[in-house]
Amino acid sequence: MKSDFEVLSITKSWLAANAVSVIQQDDVYTHVFYPIFGEQRARRDEKSNSSFPISVMVEYIASLQTFDLPVHFYLYELLVNTLVDCGQLFRLHQFLQYHVMADSKHLACLLLSLQNVYPPAFQIALDMLKRLGTAHDEIVEVFLSKHQVLTAIRYLRSVGLANQMQPRKFLSVAKESGDPDIFYTTYKYFEDINVKQRNTTSFAPGDHCEEYQHHFSVLFCQ
């Protein structure tokens with residue numbers, strides 16, 4: 001009598017060898033889940049119980065993961081949007097916490113777009129991008145979107161990418177923040193970089209930082 005693990009292993013090996021796929025994910029999405037959740041989203045004024053269909057979708061996703069089949073993003077997107085629409089934010093938090101949905105840049109960006117209605121989404125998305133290990137540019141853009149210029153600089157330094165920073169982008173955000181201290185610290189940081197790289201505090205013509213040099217002079221050199 002074979003154990004459940006042995007049966008599962010044999011089944012996975014047979015499916016992999018025979019490349020069998022009876023129903024595609026887009027079929028399930030188009031003909032099962034989207035008609036259910038899409039209709040409910042269209043009738044937001046009517047109360048409907050989505051708990052059971054959500055559970056069915058989660059089980060479907062789990063079954064795909066059990067057989068090492070990559071889950072298409074549109075399934076995650078529909079699940080997340082449905083949970084938000086139904087106000088089941090605690091359930092969404094649990095699914096993310098226990099990695100029911102696999103980390104991806106697409107999912108992180110979706111969560112960032114929901115931070116106004118689900119504030120924890122910002123930190124969850126940021127942690128997800130960090131776990132991926134290949135989303136340095138996206139992480140920096142997230143910090144800069146929050147005017148967290150110094151945090152963005154510290155992050156790039158921590159991953160060994162300090163020399164790849166474009167001064168103009170960071171100085172622009174520092175200026176937009178309206179905080180003279182942030183602009184001063186950012187400007188001085190890049191001056192130090194200039195000294196280390198070219199033995200001068202001046203920016204290279206190709207940096208296109210004349211506007212920010214003038215702004216620094218107006219704020220601090222009068």
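In the predicted model, Glu191 is buried, with a relative accessible area of 12%. Its salt-bridge partner is Lys188, and the closest N and O atoms of the two residues are 3.1 Å apart. Lys188 is partly exposed, at a relative accessible area of 30%. Both Lys188 and Glu191 belong to helix H11 (residues 180–198), where 3 residues, about one turn of the helix, separate them.

Side chains of opposite charge can pair when their charged atoms come close. The structure holds 5 salt bridges, including one between Lys169 and Glu141, in which the closest N and O atoms are 2.9 Å apart. Lys169 is located in helix H10 (residues 167–176) and Glu141 in helix H8 (residues 136–145), so this pair ties together parts that are 28 residues apart in sequence. Lys169 counts as partly exposed, with 34% relative accessibility, and Glu141 also counts as partly exposed, with 39%.

Helix H10 takes part in another salt bridge through Lys175. The side chain of Lys175 meets that of Glu211 at 2.9 Å, N to O. Because Lys175 lies in H10 and Glu211 in helix H12, the pair ties together parts 36 residues apart in sequence. The relative accessibility of Lys175 is 30%, which counts as partly exposed; Glu211 is partly exposed as well, at 40%.

Helix H12 covers residues 210–220 and also contains Leu219. Together with Tyr184 and Phe220, Leu219 forms a nonpolar patch on the surface, and the three residues have about 250 Å² of accessible area together. Leu219 itself is partly exposed, with a relative accessible area of 38%.

The chain as a whole contains 12 helices and 0 strands. Of its 222 residues, 36% count as buried. Among contacts between residues at least 6 apart in sequence, 56% join residues at least 24 apart. The exposed area of the chain is about 13500 Å², of which carbon and sulfur atoms supply 54%.

Helix H4 was examined for its length and burial. H4 has 13 residues (residues 73–85), which at 1.5 Å a residue should span 18 Å; the end C-alpha atoms are 18 Å apart, so the expected and modelled spans agree. The buried residues of H4 are Leu75, Tyr76, Leu78, Leu79, Val80, Asn81, Thr82, Leu83 and Val84. After H4 comes Gly87, which has a positive phi, near 70 degrees.

How values were computed:
Residues are numbered from 1 along each chain as its sequence is written. This is a predicted model: local features need pLDDT of at least 70, side-chain atom pairs count only at pLDDT 80 or more; totals for chains, interfaces and linings use all residues. Side-chain values use heavy atoms; hydrogens and water are left out. Helices (H or I, at least four residues) and strands (E, at least two) are DSSP runs, numbered from the N terminus. Buried means under 20% relative accessible area, exposed over 50%, partly exposed in between (1.4 Å probe, protein chains only). Contact means heavy atoms within 4.5 Å. Accessible areas come from the Shrake-Rupley method with a 1.4 Å probe; for residues, only the protein chains shown count as cover. The expected span of a helix is 1.5 Å times one less than its number of residues. Patches are made of residues with over 30% relative accessible area and no salt bridge: like charges are joined within 9 Å, nonpolar side chains (Val, Leu, Ile, Met, Phe, Trp, Tyr) within 5 Å. A salt bridge is a side-chain nitrogen of Lys or Arg within 4 Å of a carboxyl oxygen of Asp or Glu.
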